[in-house]
Amino acid sequence: PQEKNLNPHLQDETTLKHQVNVLPNPATNVVNILGLLNSHKAEILISDVYGNVMLRHQWRIKNNALNIPIVNLTSGIYIVTIISNEQKIQTKFYKK
């Protein structure tokens, strides 16, 4: 019998291409990430360009958006990673 082609990474590849908006960019106190899928529990990581995790949160995503306080970050480029059952997203923002 022919085996079904079940690719567990297919959903991840699809959700990685999901477009989100980061506002404002550059940001000063708060960065807003819009266009997310709602989730009861999402892990939010903010890393510097070298991969060092600067902030880590576990929050619920509602209204398809997150507001992340970044007042304690120094100026520079950061990568936001959002991981939940619904999505895996990575995007960048600049902190003024």
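What share of the 96 residues in the protein chain is buried? Buried residues make up 34% of them. Please keep in mind that this is a predicted model. Along the sequence, one helix and seven strands follow the order α-β-β-β-β-β-β-β. Here is a short tour, starting with the whole chain and then moving to particular side chains.

**Overall build**

- The helix comes at the start of the pattern, and the strands follow it.
- Among contacts in the chain with a separation of 6 or more, 53% join residues that are 24 or more positions apart.
- The protein chain has an accessible surface of about 6,700 Å², and carbon and sulfur atoms supply 50% of that area.

**The salt bridge**

- You will find one salt bridge in the structure.
- Its partners are the side chains of Arg56 and Glu43, with an N to O distance of 2.8 Å.
- Arg56 belongs to strand β4 (residues 53-61) and Glu43 to strand β3 (residues 39-48), so this pair ties together parts that lie 13 residues apart in sequence.
- Arg56 is exposed, because its relative accessible area of 53% is over the 50% cut-off.
- Glu43 has a relative accessibility of 24% and counts as partly exposed.

**The aromatic pair**

- The structure also holds one aromatic pair.
- Its members are Tyr78 and Phe93, whose ring centres are 5.6 Å apart and whose planes meet at 25 degrees, so the pair is stacked.
- Tyr78 sits in strand β6 (residues 76-83) and Phe93 in strand β7, so the two rings tie together parts 15 residues apart in sequence.
- Both rings belong to buried residues: Tyr78 has a relative accessibility of 4%, and Phe93 has one of 2%.
- These values count as buried because they fall under the 20% cut-off.

**The nonpolar surface patch**

- Which residues form a nonpolar patch on the surface? They are Val49, Tyr50, Ile77 and Tyr94, and together they have about 460 Å² of accessible area.
- Tyr94 is part of strand β7, which covers residues 88-95.
- With a relative accessible area of 37%, Tyr94 is partly exposed.
- Strand β7 therefore holds both Phe93 of the stacked pair and Tyr94; Phe93 is buried at 2%, whereas Tyr94 is partly exposed at 37%.

Methods: Residues numbered from 1 in each chain as written. Predicted model: local features only at pLDDT ≥ 70, side-chain atom pairs only at ≥ 80, totals over all residues. Heavy atoms only, no water. Helix = DSSP H or I, 4+ residues; strand = E, 2+ residues; numbered from the N terminus. Buried < 20%, exposed > 50% of the residue type's maximum accessible area, 1.4 Å probe, protein only. Contact = heavy atoms within 4.5 Å. Areas by Shrake-Rupley, 256 points an atom, 1.4 Å probe, with all protein chains shown as cover. Patch = residues over 30% accessible without salt bridge, like charges linked within 9 Å, V, L, I, M, F, W, Y side chains within 5 Å. Salt bridge = Lys/Arg side-chain N within 4 Å of Asp/Glu carboxyl O. Phe/Tyr/Trp six-rings, centres within 6.5 Å; stacked < 30°, edge-to-face > 60°.
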